[in-house]
Each structure stands twice: as C-alpha cells, then as structure tokens.
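Trainee: Please give me a close look at a single part of this model, the largest pocket, and continue into a helix that contributes to it.

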Amino acid sequence: MSAILEELAGLVAAGKAKIVPGKVQEALDAGETPLDTLNCMIGAMDIVGERFKNNEIFVPEMLIAARAMKKGVDVLKPLLAEEGGANAGKVIIGTVAGDLHDIGKNLVAMMIESAGFEVIDLGVDVPAEKFVETYRENPDTKIIACSALLTTTMPSLRDTVALINEQDFRGNVKVMIGGAPITAEFAAEIGADAYTEDAASAAAKAKELVA
C-alpha cells in the first residue's frame, strides 16, 4: 500500500472526519484509483471492527471512525458510479414495527456501508410489509437486516422474518437479525440466516453471506 493510502487508513481509524475527504482527494490526485482508495478505507474499518470486538475501543470510537469513512466515501461515490461501482451489493435494514430504537441499527448500517455495501435504511418502527415492498423495488438486494431492541418486539421480528420467508424471492436474499435480546437460537428458530451480536460482527457476517 502506498504511503498516502496508509496515511488515509490511519485517519479513518482515528475518526478524523474533517481531514479524511481532503486526504481521499489527495490520494486520487496522486494517481490512486477510486477502488483502491475505497478498499484502503474498508481495510481500516476492518481493523476498527476487530479492535471493537476485542474491547480495545468502544461504540463512540467506532461511530467516529465510521463517520470519517462515510465522509471519504462521499468523495468517491460519483467516481465509483462511473466505474460501475465497487459495490458488495445492497442491504435493506430497519428496526421492526413497534420498536423505536435506532442507535444499534444505525451503527450496523454504518459498519455494513463501510464494508462496501449500499445500504437502504428504512429507519425504525418498520412494518413487515415495508421490508418486502422495498425488496421488490430493489430486487438486486443481497441481504435484509432486521433489528429488535426490546423483548416485547421480538414477536414483531418473528412476524417480519416469517413474511419474508413466505416470499417467492426468499431464495435470492439472506436475512440477518440482531438486537440486545436476540440470540443465535432465536434466529434459527424463526428461520433467519444469521445473527450477530454487534455491529463489527454484522459487517463481517454480511461479507461472508454474499461471498
């Protein structure tokens, strides 16, 4: 990796959101390709994710790094679109009906976006039908990710996954679930493809599911 990309990776990992866009432009002006520049930042976020999983950093630091990455990606987006993109695919994400929690969901969305996916964020209190409808509008979606942060909204998560499982497109999409009360056992019971316990794991699992 060139010195300028190494410097960029360090700035992303340190969450230097104000400096990152200029450094991305500097890398491009120095002849780095948009794809190499993006992959450098994705690599930085992989390291941030590992550090989070190892309890070396915590949610605030991860959020700051993800925001810095997002600022850098904003510079690259028009160029990546011209190149046909470096997209890992689309992910639809939302918190299920009856649940208004969004911090965890937002963090997962940022980490998945940082892993090279295009994220369609439906927000909170999302009816099951909305996930299905959004998939039909975006049939190239690779993953539908649903979260529930309350034990009282676990039935809503169950109903959402059940509705997705009934659809004719089910074989073409993976369903990921997560949230504080959720377990791998619950994911298996309701017919989801994957459960992850935190945002860094979600990004890694998303890449694994579409590999």
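Mentor: On a 1 Å grid over the protein atoms alone, a pocket is an open set of points where a 1.4 Å probe fits, with protein on both sides within 12 Å along at least five of seven lines; its lining residues have an atom within 4 Å of a point. The model is predicted, so local features need pLDDT of at least 70 and side-chain atom pairs pLDDT 80 or more, while totals for chains, interfaces and linings use all residues. Residues are numbered from 1 along each chain as its sequence is written, and side-chain values use heavy atoms, without hydrogens or water.

The largest pocket has a volume (the space filled by probe spheres set on the points) of about 340 Å³. Its lining comprises 22 residues, with Gly 104, Val 108, Gly 178, Gly 179 and Glu 197 nearest the centre. By class, 14 lining residues are nonpolar, five polar and three charged, Gly being counted as polar. Among helices (DSSP H or I, at least four residues) and strands (E, at least two), α5 (103-114), β3 (141-147), β4 (174-178) and α9 each supply at least two lining residues. The largest share, four residues, comes from α5.

Helix α9 covers residues 199-210. Its 12 residues reach 17 Å from first C-alpha to last, close to the 16 Å expected at 1.5 Å times one less than the number of residues. At its start, a side-chain oxygen of Asp 198 comes to within 3.2 Å of the backbone nitrogen of Ala 200. Ala 200 is also buried (under 20% relative accessible area, 1.4 Å probe, protein chains only), as are Ala 199, Ser 201, Ala 202, Ala 203 and Ala 206 of α9.

Definitions and conventions: Buried < 20%, exposed > 50% of the residue type's maximum accessible area, 1.4 Å probe, protein only. Polar contact = N/O pair within 3.5 Å; in protein donor to acceptor, adjacent residues only side chain to side chain.
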